[in-house]
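User: Please take a close look at the aromatic rings in this model. I would like to see what they pair with and what surrounds them.

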Amino acid sequence: MTDYSCMSDTELLENNFADSGKTAELISRYMKTVFSAVDKYSALADREELVSDGMQALLSAIQTYEKEKGDFPSYLFVCIDNKLKNTARRSLRRKSRISQAEQNELEEIADTKPTPEEIVIDRENSDALFRNMRTELTALEFRCMCGVMIGFSYDEIAGLLKIDRKSVDNAVMRARTKLRRFYADKR
C-alpha cells in the first residue's frame with residue numbers, strides 16, 4: 001500500500017483522479033481548512049450546509065487545480081471562500097429577511113486566510129488523524145470512512161467497493177467506535 005502522507009501536494013495532485021488514495025490524502029490534509037472557513041460563515045447559514053458545500057469546494061479544487069493557477073493552498077482557499085459566500089447568500093435569501101445590514105456584514109467579513117503557521121499545524125493535525133485511522137482501522141473500515149469523509153452516500157461507497165450497503169454501514173459503525181475509543185484513551 002502506498003504511503004501518501006510522504007508525498008507533496010504537487011505529487012498528490014498529479015493524476016489524482018486515477019488514484020482515490022491521493023484524493024483521500026489531500027482531503028485529510030485540507031479538511032481543517034474547510035472547517036476554519038465554515039466557522040467564518042456559520043452565523044449566516046446552516047453549519048451542515050456550509051460543511052457540505054465546503055467539502056464540495058475542496059473536491060472541486062482538487063479536480064480542477066492547474067499549476068498555472070498558483071500554489072494549491074491559495075487556490076483552494078479562494079474556491080472554498082467563494083463557495084461559502086454563495087452558500088451564505090443563498091441561505092440569507094431563503095430566509096427572506098435580508099436587511100441591508102446583513103448584506104453589508106457579508107461583504108465586510110474579514111479575510112481569515114490561514115497563516116503559514118496555521119497551515120503547518122492543520123496539516124500536522126490532519127496527518128496525525130490520517131495515520132491514526134490507518135493504524136486503528138481495518139482496510140475496509142478505512143476505505144469506508146474515507147468515502148464518508150468525502151461525502152459519498154453508503155450506497156455510493158458500496159458501489160465503489162463492490163460490497164453491500166449493510167457492510168458499509170457496519171464498517172463505518174466499527175470505525176467510529178474504534179476512533180472514539182482511541183481518542184478517549186488519549187485524553
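Analyst: Searching the whole structure, a predicted model, turns up 3 aromatic pairs. Start with Tyr 30 and Phe 72. Their ring centres lie 5.3 Å apart, and their planes meet at 75 degrees. Planes over 60 degrees apart count as edge-to-face, so this pair is edge-to-face. Two values are enough for such a description: a pair of aromatic rings is described by the distance of the centres and the angle of the planes.

Where do Tyr 30 and Phe 72 sit in the chain? Tyr 30 belongs to helix α2, residues 20-41. Phe 72 belongs to helix α4, residues 72-94. The two are 42 residues apart, and their pair links distant parts of the chain.

Are these rings buried or exposed? The cut-off for buried is under 20% relative accessible area. Tyr 30 has 3%, so Tyr 30 is buried. Phe 72 also has 3%, so Phe 72 is buried too.

Phe 72 has another partner, Tyr 65. Here the centres are 5.3 Å apart and the planes are at 85 degrees, again edge-to-face. Tyr 65 has a relative accessible area of 18%, so Tyr 65 falls in the buried class. Now put the rings together. Ring pairs join Tyr 30, Tyr 65, Phe 72 and Tyr 75 into a cluster.

Next, the helices around the cluster. α2 and α4 pack at about 35 degrees, and their axes are 10 Å apart. Their crossing is right-handed. Which residues make this contact? On the α2 side they include Tyr 30, Thr 33, Val 34, Ala 37 and Val 38. On the α4 side they include Phe 72, Pro 73, Leu 76, Phe 77 and Ile 80. So the ring pair of Tyr 30 and Phe 72 has both of its members in this contact. By class, the contact of α2 with α4 has 12 nonpolar, 1 polar and 3 charged residues.

The spacing in these lists has a simple background. An α-helix has 3.6 residues a turn, so residues three or four places apart point the same way.

α4 has a second neighbour, helix α3, residues 47-64. α3 and α4 pack at about 145 degrees, with their axes 9 Å apart. This crossing is right-handed as well. Among the α3 residues in the contact are Leu 50, Ala 57, Leu 58, Ala 61 and Ile 62. Among the α4 residues are Phe 72, Tyr 75, Leu 76, Cys 79 and Ile 80. Phe 72 and Tyr 75 are cluster members, and both also touch α3. By class, the contact of α3 with α4 has 11 nonpolar, 4 polar and 5 charged residues. Phe 72, Leu 76 and Ile 80 are listed in the α2 contact and in the α3 contact.

Stay with α2 for a moment. Gly 21 lies in this helix. Its relative accessible area is 16%, so Gly 21 is buried. The C-alpha atoms of Gly 21 and Arg 143 are separated by 9.0 Å, although the two residues are 122 apart along the chain. Ser 36 is also in α2. With 37% relative accessible area, Ser 36 is partly exposed. The C-alpha atoms of Ser 36 and Lys 113 are 9.3 Å apart, with their positions 77 residues apart along the chain.

Now step back to the whole protein. How many helices and strands are there? The protein has 9 helices and 0 strands. Buried residues make up 40% of its 187 residues. Take the contacts between residues at least 6 apart in sequence: 60% of them join residues at least 24 apart.

Two other places round off the view. Helix α6 covers residues 116-136. Its 21 residues should span 30 Å at 1.5 Å a residue, and its end C-alpha atoms are 30 Å apart, so the two values agree. Buried residues in α6 include Asp 122, Ser 126, Phe 130 and Met 133. Lys 162 sits in the loop between α8 and α9. Its phi is near 55 degrees, a positive value in a residue other than glycine. Lys 162 is exposed, with 74% relative accessibility.

Technical notes: Residues numbered from 1 in each chain as written. Predicted model: local features only at pLDDT ≥ 70, side-chain atom pairs only at ≥ 80, totals over all residues. Heavy atoms only, no water. Phe/Tyr/Trp six-rings, centres within 6.5 Å; stacked < 30°, edge-to-face > 60°. Helix = DSSP H or I, 4+ residues; strand = E, 2+ residues; numbered from the N terminus. Buried < 20%, exposed > 50% of the residue type's maximum accessible area, 1.4 Å probe, protein only. Expected span 1.5 Å × (residues − 1). Axes fitted to C-alpha atoms, helices over the stretch in contact; angles between N-to-C directions. Left-handed = near helix turned anticlockwise from the far one by under 90°. Contact = heavy atoms within 4.5 Å. Nonpolar A, V, L, I, M, F, W, Y, C, P; charged D, E, K, R; others polar.
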